[in-house]
Amino acid sequence: MPTLEFSRGETVLFSHRLRTRTRLGRRDDADIALPDRQISRRHCELYVSSGRWWLSSQGKHGTRVNGVWVRSPVELSDGDVVALGPYTARFFVAESGVESSETQLCPQPHVELPQGARGSALLERAHLSFTSGPRAGEHVPLRRMLTTLGGASTHVSLPGLQGLVAAITVARGRPMIQPESTEPVYLGRERVVMMTPVYEGEEVHIAGHSFTLHARGREDAQPSRSGMSFGSMLGSSRQMRRLFGALYRCAASEHPVLVLGESGTGKELASVGLHAHSARRDGPFISVNCASLGTELFEAQLFGYEKGAFTGADQRTDGLFHHAHGGTLFLDEIGELSPCVQAKLLRVLETRGVQRVGSPRDEAVDVRIVAATHRNLSERVREGSFRHDLLFRLDVLRVQIPPLRERVEDIEGLAQSFLSTFRGAPRLTSGALTRLETHPWPGNVRELRNVLSRAVVGAMPRTLLEADDLEFEGGGRLWQSRKQIAMETERALLLRALERAGGNRTRAAKTLGIPRTTLNSRLAKLDLSLS
């Protein structure tokens, strides 16, 4: 598999396996994020076409290939050197020997199907499987570009129905369902009103008939178990495949989305993915925790304020709605909003205008709202602590993220993904995996990450994790952010390495596989002033 081997000066940093299309830049959502002022937010993109790899330069800083500045797409050959600011990336057709990380970008969990004209037989690799109704258990191969469903005169007859009811076709390489009559067609619990993609594992319901669509695809196009993803969310269970399908459809819309789920299930990851896969992907993504601030401060932060609006307001300041203009505003823990701010947020959603604190005028904003909560908002409406009209405005599109205990089959893949980020790629024994799969996971995926991080630190330098290496918190202190977890994990790794090396930094750096200068800089960054 092709790779890019990255260096900075004489130091080889890492190798990155490429998958179909890889974006490089300074943005956090780039597949390879390179933090430097000489790197553009969207610097360049590598992609495969007709079996050949190409590089397209996109940023204002430009990209050099073998010392030559390139603007139009250029084909890459084995050993080519790509210069990006202070970084050098060497392209290899086969993997290099340096420890590598795999691109997780998997835009859609489906197999591309060929397209053709005049209804030719190009769908023989796909089939329809009835899961309930009079034809339950039957598998129908799809051999046409357009397959009709309904009465006896259609390609796939559904007992009890007359005339044309729906059609299955291929658009952009995907099987799609299209209603063709007033008979309701549902995808999961949602009624289909236009041509809509059907993803692996999703059920279509038509008048007592239910079926799924499956695409076998080319053998070399089969997605891996870990390839089922939406942004940074991973999962191959039926529940997650359904969720990913719903998220992709929500991303294509401009309507507000309400993301529901227990703490630690990945509501923020889903929201980031909704932005990254939307038409607003090039705009800002602004996140705010509604439970973190008091009413006055939160209102000023959300809507901005005029100079002199309150003590300390010494200049006119934009709010988060202004900063999110043209992009997405993510309101986490929306159920914690005070009644006063709820009323003002409702006004923004109705008028699409923001009124700064201390200003009598509205300012137009173009923002898509994604809200998330672990609370039951309908229950809060009944209690009188959440406005019914605001819920009506927010709950246009809804996705529910299942808790980890309801998708145990995803635990192994998630654990492998987390462990692959550590040096040496630690592995689980069968006993450790069994213990993970029988834990109730009150903190969900976040707790799983915490448990594995502690296990890796505690087991060093061993890379095989036993059941006894796993320590569970029982749901306590699960509020930590990913950044805090990473810092605490690194702090523990460094201290343990120094302890085992008797305080000798040179030996500790060698154990960690990093230069002594890097160890010193990390100790300083973490404020570990050791003699």
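Here follows a set of questions and answers on strands, buried residues and salt bridges in a predicted model.

Residues are numbered from 1 along each chain as its sequence is written, and side-chain values use heavy atoms, with hydrogens and water left out. In this predicted model, local features need pLDDT of at least 70 and side-chain atom pairs count only at pLDDT 80 or more, while totals for chains, interfaces and linings use all residues.

Student: What is the strand order of the open sheet of 5 strands, and which strands are at its edges?
Tutor: Strands are DSSP runs of E, at least two residues long, and helices are runs of H or I, at least four, numbered from the N terminus. Two strands pair if DSSP finds at least two bridges between them. Pairing in this sheet is mixed, and the order is 4-3-5-6-9. Each edge strand pairs on one side only: strand 4 (32-33) and strand 9 (74-75).

Student: Which residue of strand 9 stands opposite Leu55?
Tutor: Strand 6 (residues 52-57) and strand 9 run antiparallel and are joined by 2 bridges. Opposite Leu55 in strand 9 stands Val74.

Student: How far from Asp80 is the nearest side chain of opposite charge?
Tutor: Asp80 lies in the loop between strand 9 and strand 10 (81-84). Buried means under 20% relative accessible area, exposed over 50%, and partly exposed in between (1.4 Å probe, protein chains only). Lys and Arg count as positive, Asp and Glu as negative, and His and the chain ends are not counted. Asp80 is buried yet has no salt bridge (a side-chain nitrogen of Lys or Arg within 4 Å of a carboxyl oxygen of Asp or Glu); the nearest such side chain is Arg90, at 7.4 Å.

Student: With which side chain does the side chain of Asp80 make a polar contact?
Tutor: A polar contact is a pair of N or O atoms within 3.5 Å; within protein, one must be able to donate a hydrogen and the other to accept it, and residues adjacent in sequence count only if both atoms are side-chain atoms. The Asp80 side chain also reaches the backbone nitrogen of Ser77 at 2.7 Å. The side-chain partner, at 3.0 Å, is Asn66.

Student: Which helix gives the most to the largest nonpolar core?
Tutor: A nonpolar core is a set of buried Ala, Val, Leu, Ile, Met, Phe, Trp, Tyr and Cys residues joined through side-chain atoms within 4.5 Å. This core has 31 residues, and Leu302, Phe321, Leu329, Leu331 and Ile334 touch the most other members. With 5 residues, the helix that gives the most is helix 5 (residues 339-351).

Student: Is strand 31 (residues 368-373) enclosed or open, and how many of its residues are buried?
Tutor: Both faces are covered. Arg368, Val370 and Ala372 are buried on one side, and Ile369, Ala371 and Thr373 on the other. Strand 31 is largely enclosed by the rest of the structure, because the buried count is 6 of the 6 residues.

Student: Which residue in strand 31 is the bridge partner of Phe330?
Tutor: Strand 28 (residues 328-332) runs parallel to strand 31, with 4 bridges. Strand 26 (residues 257-260) also joins strand 31 in parallel through 4 bridges, and there Val259 stands opposite Ala372. The partner of Phe330 is Val370.

Student: In strand 11, what is the bridge partner of Phe6?
Tutor: Strand 1 (residues 3-8) has 5 of its 6 residues buried, so it is largely enclosed by the rest of the structure. It pairs with strand 11 (residues 87-92) in the antiparallel sense over 6 bridges. The partner of Phe6 is Ala89.

Student: How many residues apart in sequence are the parts tied together by Arg405 and Glu262?
Tutor: The closest N and O atoms of this salt bridge are 2.4 Å apart. Arg405 lies in the loop between strand 32 (397-400) and helix 8 (411-419), and Glu262 in the loop between strand 26 and helix 2 (267-276), so the pair ties together parts whose sequence separation is 143 residues.

Student: Are Arg407 and Asp410 buried or exposed, and at what relative accessible area?
Tutor: Their side chains meet in a salt bridge at 3.0 Å, N to O. Arg407 is buried at 2%, and Asp410 is buried at 3%.
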